[in-house]
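The following note sets out points for a colleague who has the model at hand. Each numbered point takes up one part of the fold.

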Amino acid sequence: MTFAAMERKLYLLLGSNLGDRFGVLKQARKRLEARFGKVSKASSFYATAAWGNTAQPDFINQVLLFECSLEPQEVLSILLVTEEELGRVRKEKWGPRTIDIDLLIYGDLLVDNTNLKIPHPELHKRRFTLVPLCELAEEELHPKLGKTYSKLLEMCEDGLNVKKTEAVEYEV
């Protein structure tokens, strides 16, 4: 795949369910802004039960939008390093974690590699992803499915409760 270096909308989903969840999200945002530039838009915070492995604390999630021109693999590397810096330990799939940063969408790019898939392949199946994403991009089209994110949310069969919540001592 040839990558043309141009500004694209980069949507990231941040989540935390261990420790000071809001504090970790704040630190993640600061570190990501140091690498990608200032956040263009940020969704509200949402509290949700864990998805997949439900025997763990609830998550706080937020979607951030950046304007970015880095190669997709470079973006992924930055996300993985940021997670590691913030104490992410990968022990079990869908296990509890201090931070999880998912690359949801990167402009209209379609990437299907073993270590990176854009758009995120589960995005349209997860209410905890779609609700904050719709806050920022409800009428934008999913680059692969060709439906708006609001339509994908309407069609989503995930029954998980996603509740807007206020950040504790979080500066926006």
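1. The model is predicted. A useful place to begin is L13, a residue of strand β1. With a relative accessibility of 2%, L13 is buried, because the limit for that class is under 20%. Beyond its neighbours within four places in sequence, L13 contacts N61, Q62, V63, D100, I101, D102, L104, F128, T129 and P132. One of these partners, T129, stands 116 residues away along the chain, yet the C-alpha atoms of L13 and T129 are separated by 6.9 Å.

2. The overall architecture may be stated next. The protein chain contains four helices and eight strands. Read from the N terminus, the order of elements is β-α-β-β-β-α-β-β-β-α-α-β. Of the 172 residues in the protein chain, 47% are buried. Among contacts in the protein chain with a separation of 6 or more, 71% join residues 24 or more positions apart.

3. Strand β1 spans residues 8-16, and S16 belongs to it. How accessible is S16? S16 has a relative accessible area of 0% and is therefore buried. A polar atom of the S16 side chain lies 2.6 Å from the backbone oxygen of T98. T98 is also among the residues that S16 touches, together with R21, V24, L25, D58, F59, I60 and R97, when residues up to four places away in sequence are not counted.

4. Q62, in strand β4, is another polar residue to inspect. Q62 is classed as buried because its relative accessibility is 2%, against a limit of under 20%. The Q62 side chain reaches the backbone oxygen of S43 at 2.9 Å. Q62 is also one of the residues in contact with L13.

5. The pairing of two helices deserves attention. Helix α1 (residues 21-36) packs with helix α2 (residues 72-85) at an angle of about 145 degrees, and the two axes are 10 Å apart. The crossing of α1 past α2 is right-handed. On the α1 side, the contact is formed by A28, R31, L32, R35 and F36, while α2 contributes V75, I78, L79, V81, T82 and E85. Sorted by class, this contact comprises seven nonpolar residues, one polar residue and three charged residues.

6. The largest nonpolar core has 28 residues, and the members that touch the most others are L10, L12, L32, F36 and L103. Two or more residues of this core come from each of β1, α1, β4 (59-68), α2 and β5 (100-106). Helix α1 supplies the largest share, six residues. In soluble globular proteins, nonpolar side chains tend to be buried together.

7. L10 illustrates the connections within this part of the structure. Setting aside neighbours within four places in sequence, L10 is in contact with F36, L64, L65, F66, C68, V75, L103, I105 and Y106. Another core, of 21 residues, lies apart from the largest one and includes L65, V131, L136 and L152.

8. How much of helix α3 is buried? Nine of its eleven residues are buried, so α3 is largely enclosed by the rest of the structure. The buried residues of α3 are F128, T129, L130, V131, P132, L133, C134, L136 and A137. F128, T129 and P132 also appear among the contacts of L13.

9. The peptide bond from I118 to P119 should be checked by eye. This bond is cis, with omega near -5 degrees. P119 is located in the loop between β7 (117-118) and α3 (127-137).

10. The loop between α3 and α4 (149-155) contains K147. K147 has a relative accessible area of 33% and is therefore partly exposed. Leaving out neighbours within four places in sequence, K147 contacts E140, L141, H142, L152 and M155. The C-alpha atoms of K147 and H124 are separated by 9.9 Å, and these two residues are 23 residues apart along the chain.

Note on methods:
Residues numbered from 1 in each chain as written. Predicted model: local features only at pLDDT ≥ 70, side-chain atom pairs only at ≥ 80, totals over all residues. Heavy atoms only, no water. Buried < 20%, exposed > 50% of the residue type's maximum accessible area, 1.4 Å probe, protein only. Polar contact = N/O pair within 3.5 Å; in protein donor to acceptor, adjacent residues only side chain to side chain. Contact = heavy atoms within 4.5 Å. Axes fitted to C-alpha atoms, helices over the stretch in contact; angles between N-to-C directions. Left-handed = near helix turned anticlockwise from the far one by under 90°. Nonpolar A, V, L, I, M, F, W, Y, C, P; charged D, E, K, R; others polar. Core = buried A, V, L, I, M, F, W, Y, C linked by side-chain atoms within 4.5 Å.
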